[in-house]
Structure formats: structure tokens, C-alpha cells
Amino acid sequence: MSDEPQPQQPTEGSAPGEPEGDGTKPKRPKRTGWRRLIPTWRMVLGTFVLGVLLLMGLFYLGYSMVKIPPANALATKQSNVYLYADGTEIARDGAINRENVDLSQISKDAQHAVLAAEDRDFYTESAVDLKAMLRAGWNTATGKGKQSGSTITQQYVKNYYLAQEQTAKRKVKEFFIAIKLDREKSKDDILEGYLNTSYFGRNAYGIQAAAKAYYGIDATELTAAQGAYLAALVNAPSEYDVIAHPENKKAAEARWNYVLDGMVTKDWLNAGEREGMKFPTPKETSGASVGMSGQRGYLVNAIKDYLKNNKIVTSDELEAGGYRITTTLEKKKQDAFVDAVNDKLMDKLDKKNRKVDTYVRAGGAAVDPKNGEVLALYGGVDYVKQYTNNATRRDFQVGSTFKPFVFTSAVQNGSETQDGRTITPNTIYDGTNKRSVQGWTGGGYAPANEDDVNYGNITVRAATDKSVNSVYAQMAVDVGPEKVKKTAVDLGLPTATPDLQPYPSIALGTATASVLDMAEAYATLANHGKHGTYTIIKKVTKDGNEVVDLPSRKSSQVVTREAADTTTAVLKSVVENGTATAAQAAGRPAAGKTGTAEEDQAAWFAGYTPDLATVVAVMGQDPTTAAHKSLYGVMGLQRINGGGAPTEIWSQFTKEALKGTPASDFSLQLQDGSEETAYPSAPPTEQKPSESPDETGTPGDGQNDQGQTQGQTQGQTQGQTGGTTTGGTPTTDGGTSTGTTGSTTDGGTTTDGGTSTGTTDGGTSTGTTDGGTTDGGTGNSTGTTAGPLGITREE
């Protein structure tokens, strides 16, 4: 018998591979050879399932961990856009030239053009396109050039939420944020955001800024051809600017054609329209005033100040940007102001040969009296050269342009002179040079007239024509300096105007109101005493929405119509007969007042027609130290005063600004008794020449007698009322009394062979001493007071 084990035979009825009779399962035969390298189907299935679970876990983890972050600073930073009343752009501020707009403010053609260029299936696809991403990755890896493979949603996420670096980490974040964003925002919202954040070249962020930069229009006006070019720029902003890089025009046109063909494919553009389109070459310049040179910086600063001071928009809100501010300023008038200043002042300066000409500054403002809208501002020669806005600064004395407020206050309050006569245009005052004011208990005050001229008895109208300081200082006391101050504030000057103090010197314009302040006050006079809410703003929007409420316009009768209109009648005489005859060149009925500050540091003209109130000032300031400087010798003239360049600028500007509109006359309701002449009850007090040669003094130090010349006598009252003269001619109310050599007249006294002329109501008094001629006499000193009264020397 063999010792080898015998193979067992399967029992009957059993099959190979089945458990044998004892129920045990046979072992699977081992894989041998090359078969061991091939995974089984079980391994493949298991790995796939595990991979899917892992990917799902990673996706869930990534989706959970990646949050939608706040927008990056670059994406939210916008410029503020400032516009003239007609929508013409003044300027943009901020380093980022962006203006966000609603999707509804972007033409459909432009929207479709961008979709055709960047993502034609945007409205039907998911937030991410894995196939495109894989294709882009493959093309990049195989050297076919970098491709984004990103949807518009992904590009918006990159622009708005993330930085621009090309890293795996950024791409992962972009992927998850895009998915989340697609669930939270509508397609329209995402497209709007994308169009507002994309860069188009020329420092233009967003399609609104791009439309302005390349075609000078708003995004809502873009045609299909223009929109297609802007869409092409998104792909290569710098290279496809055919003005900056004409050598790339062929490539730019190819991309433009690709966009248009895509629009036809998607039925966004008619094939027939497509055939007739020509390449829309952009403008050579941006069409947007990004810089602040010229007048732009002055205007922008004035606009910002108005917004902040009236609590319309805060500084922080303006800094964030995004505001579109339409002003009341009119470009035609703005340009006319610049031309007038250049023609009548700047072009006449010789800064190389006359140092004083380097001191010249000019400011101007024009206001519509009927609605209070500021129509033009002249801030200076160039904002980038002279930063201070001469239209809004408050550091130069307004001079005699303040005097009309004194007279308005007198009529408004029914004021009387010291001897009880109602103050009217024909009330007689003593115009003696350096005459001490009467009735003021705050200290002596004896202001000098311009050029130390003695006028003797003179009507208020004539004293306004000639800007007689001694008359108006006395009138301020007669009215009451507090009442004068209140009237000036009621007319439009800010309560906090520097040096607007209730002293007799208030009449001479020691206050330092701005040119714009004065324009607003004069506009109230032009509007018959009705003062309204003055404004430089028409509308303010943010991101295309009118979200800012402007102050409602309120108007009130701050002084009676008679007070305002009687002042206007007096100021008409200044233009017709006085220091502002140059204003007649405007060719329209006009009223106004000249003014010159102490030492000719500023010269003013404030004037108005029934339709336009305008103030012009020429100022002196050292360009290096910023110190105020005298303007003696400017333009080669001995001196500059309000009746010169300021009035000439006013005339040219007013004529051009109102060109093409009918000239209207003033409709005036005058003060009762304003045509009657009221004489003083006593002749003017004789005053002796000052014993002090100084131009300053202290109260009581000879001021009551300072500056009186020998050409003035007490007899002028009789001469003005028609009395006879010795060797002269009788005069009545404005007539002239002339004395011969060595004779005495009721109008003046002569010595040593001189002649003298006495006048009333606008006449002049001339005295001659020792063969020399004086224009009414010359005083050696200027009356001053200690403390708050100040020293002025003005028209």
C-alpha cells in the first residue's frame, strides 16, 4: 500500500469550488505573475468611493472654512465726480478713477459686449466652470499661454474681494467664494459688480469711468461698437489702447471683431447692423478732468466746504468717494470770469520787472439774486500754483463795499442823525476829513477820507459816490453799530465773519468777509431785501442713486423792500456818477460800490444788475511768506483801487455772462422822503490841523482836530443853500461857489492867491495854500483809536 495521500474525490452531486461535506469554503487561488499588478474591480470601486468621500469632505471643509470677506480697499475706493449745472464735468478727485453705477445705467449693448467677450453663458452657467478651468490649466502647462478659465463670477470675486496675485491659495478662495456668492446674489448684481470693478486702462476702474475716459460720455450712452471696444480692453487694457499704442491697433480690432461676432451669435446684435459697423476710435484725451489744475481745485474745495458745512455729506463720506455732485455753476459763466480776469488784470502784469506784480491775487463770485444759486467762482490763477481759494478766503478787509449795509440799516431802522434828521439819500452830512464821530462813547474815532480829501457838507448820495469815510463812520454811530452788524448778517454775511465788530469802524469795512459772502449779501439787495438759502449744489447721488437730501430753499424778507431798493438807487448813482463809472461798460442798468482796504492791500467792486450779483476783489499777498502786501504800483499804476481793475473785470464778465438775454431795469420802491434834502441844524465844526505828524494816535490825542486844512471854512452851509458870495457866484443845492484871488466865499477860504470851490451834493471843495494845490486839503495824520476801532484807509 502506498504511503502517499490519495486525492479525495468529490462526493456525489457536489460541484468544484463548492464547500465539501464538512461546509468549509475553499481558498481563492493566489494571483500570480503580471496579474498581481492589475487592481481588482473591488479595489477600483473602493478607491473611487473613498476618493469621492474625501473630495466631498474637502469641499465641505473648504466651503465651511472660506467666508466671503469684506471688499478690498481698491475695489471700494471711488472718485467723487463734480459737474457743472449742464452735466459737463468739472473734476474728479481721488487716486482711483472709479464711479459706480447701477446696471440700469449701463447700456444693454455694453452689457452684452462684455458678456460676449468674457462669459457668453454667464446667465445659464454655474458660478465656476470646471471644464474651462481644466482646459486653461492644461493650456498654461503645455505652453499655449496663460488663460484664466474663470467665469465672470470668479473674476468679480478676484476684483472685489481678493488680491490679484496668481497663487493656488487665491484660486482656492476664489473658487469657494464664487460658489457662495452665486447662491447669495443675483446674476444681475454680480454683473453690475463686475462692470464696476474691472480695469479698462487710462486709470479708469469700472465701465462708467471707462466710457468717460475713452469717449467722454456716460455708460448709458455707449453704442454696441463702443461697448465692444471697451470689452476688448478688459483682456489687455494697456496693449489695446490704440491711441497710446497705435502699433497694436490690428490686434485690438481683431479682439473687437471677436466681441461683435459673439454678440451676433448670442442674438444680442443684428447681423445687418454688425456688417455696417466701423471701429470706434477713442478720443485722444480722456475727456475727464482728473487733475485739479486751473479753476478745478478751487471749485472742488468750495463744493466740499459747502457739503460739509451744511451737513449734507461728512468728510469721511467724501473721503470714501462714490459721489456724483451736480452744482449750480455754469460753465459759460465760469469761462467768462476767467477770461475777464486775464484780460483786465493778469495779462497786464509784468512779474519779471515789477516785484509788486507777483503779489497780485484775484477772487470773484457771481450769484443769481432770484434763486440764490452760485453761478461762477474765480478762485485764483491756478490751484496747483496758488492753493488758497480767493473766492472763499476771509482774511482781507472788504473796505467800502460794506458802506451800503450801513445805509440799508439806517433806512431799515428809521434812523436819524444826531440832530434828529431822518437819514435818506439826500440827508446832509459833514464830510470833513478826519472829523471825530459824535455820539460815540467808546472812545475817539476820526477816520481819514481817501487821499485826505475834505468834502464839507455833502449828501449821503454824494458821500456814497465818493466813498466818504467821515460821513459813513458818523452814520454808523447814528444808526447804532449793533444794528448795522445785524443788518449785514441778515443780508447774508456769516455771523462769525472775522472783525465784524459793533464799532464805528464797521462802516469802513474792517470786517474780512469773503468775496462769496459779499456776493450773497449784495444779491439780497438786488432781490429787494429778500434773502434766500444760497447754494452751490443742485443734486448729489451715490452709486447712481439720489440718496442725499439737500436743504430746502427758504427765503424771507430780511429788510424792507424800501430799505433795499433805496440802497440800490444810491448805488446806481455810484455807477453813473461816482467811483464805479467803469461798470457802465457792461451795457446794463447796474448798481454797485467800490472799496479799497488799508494800504491798498485789497481793491473791491461789488455790483449787480437785476439778474446777476457779482463781487470781484484784487488782493496783495507775498507768494513766499503769504503776508498781505500793498498793491501800490501794480501794472505800473501809482495805485490800484476798486474803480480800476475790479470794476473793469466785473463789467466784462457781466456783459459776457448775460449776453443774449434781455436787459431789465430795476423796479424800485423808495423810502418816503428820500428825494428831500435834509440840512444840518448847525454848520460843521471847524477843526484845526493836527499837531502830530504821525499816522497813528491815541484817543483824545488831537484826533478831534487832525487833518483839517486851510481850504475849509464854516460857511459851506450858507453857500449850499443859495447864499451869496464875495467875488463868486451864488449856488443852490449842488451848485458851485467860486472865490477869486484873495476873496472869501461861503464855500471856502483862500490864502496867498489861491482859489477855492465850495460844493454841495456831489461837488468838490478845492483850496490852495501858498501857491500849492490840494484836493480839498491835506492832513498830516490819520485819525485812529485805541483798542477795537482799528485803522483803515479806504475808498
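A pocket, in the sense used here, is an open set of grid points with protein on both sides within 12 Å along at least five of seven lines, and its lining residues have an atom within 4 Å of a point. Keep that in mind, as we'll come back to it at the end of the tour.

First, the big picture. What you have in front of you is a predicted model. The protein chain has 22 helices and 21 strands. Of its 795 residues, 52% are buried. Look at the contacts between residues at least 6 apart in sequence, and you'll find that 70% of them join residues at least 24 apart.

Now let's zoom in on a sheet. Strands of a sheet pair through backbone hydrogen bonds, and they can do so in a parallel or an antiparallel way. Here, four strands make up an open sheet, the order is 2-1-5-11, and the pairing is mixed. Strand 2 (89-93) and strand 11 (537-542) sit at the edges with a single partner strand each, so each of them has one side without a neighbour in the sheet. On average, neighbouring strands of this sheet are turned by 15° against each other, if you ignore direction.

Where does the mix come from? Follow strand 5 (residues 323-327). Strand 5 runs parallel to strand 1, and three bridges join the two. With strand 11, strand 5 runs antiparallel, and this time there are five bridges. You can pick out some of the pairs yourself: Leu 83 is opposite Thr 326 of strand 5, and Thr 326 has Lys 539 as its bridge partner in strand 11. Arg 324, for its part, faces Thr 541 in strand 11.

Helix 12 (residues 296-309) packs on this sheet, where it touches strand 1 (80-83), strand 2, strand 5 and strand 11, and its direction makes about 75° with that of strand 2.

So is strand 5 buried or exposed? Five of its five residues are buried, so strand 5 is largely enclosed by the rest of the structure. Tyr 323, Ile 325 and Thr 327 point one way, while Arg 324 and Thr 326 point the other way.

Next stop: helix 18 (residues 481-491). Its buried residues include Pro 481, Val 484, Thr 487, Ala 488 and Leu 491. Why do these five end up on the same side of helix 18? Because they cover an arc of only 120° around the axis. The buried residues pack against helix 15 (403-412), helix 17 (469-479), helix 19 (515-526) and strand 10 (530-532). Over on the other side of helix 18, Glu 482 and Lys 486 are exposed. Just past the end of helix 18 comes Gly 492, with a positive phi of about 150°.

Finally, back to pockets. The second largest pocket holds about 570 Å³ of space. It is lined by 23 residues, and those nearest its centre are Tyr 306, Arg 394, Leu 516, Asp 517 and Glu 520. Some elements from our tour turn up again here: helix 12, helix 19 and strand 10 are the ones that give two or more residues to the lining. Which of them gives the most? That's helix 12, with four residues.

Terms used. Residues are numbered from 1 along each chain as its sequence is written. This is a predicted model: local features need pLDDT of at least 70, side-chain atom pairs count only at pLDDT 80 or more; totals for chains, interfaces and linings use all residues. Side-chain values use heavy atoms; hydrogens and water are left out. Buried means under 20% relative accessible area, exposed over 50%, partly exposed in between (1.4 Å probe, protein chains only). The arc is that of the directions from the helix axis to the C-beta atoms. Contact means heavy atoms within 4.5 Å. Two strands pair if DSSP finds at least two bridges between them. Axes are lines fitted to C-alpha atoms, for helices over the stretch in contact, and angles run from 0 to 180 degrees between N-to-C directions. On a 1 Å grid over the protein atoms alone, a cavity is a set of points where a 1.4 Å probe fits but cannot get out, and a pocket is an open set with protein on both sides within 12 Å along at least five of seven lines; lining residues have an atom within 4 Å of a point. Grid points are joined across faces, edges and corners, and a volume is the space filled by probe spheres set on the points.
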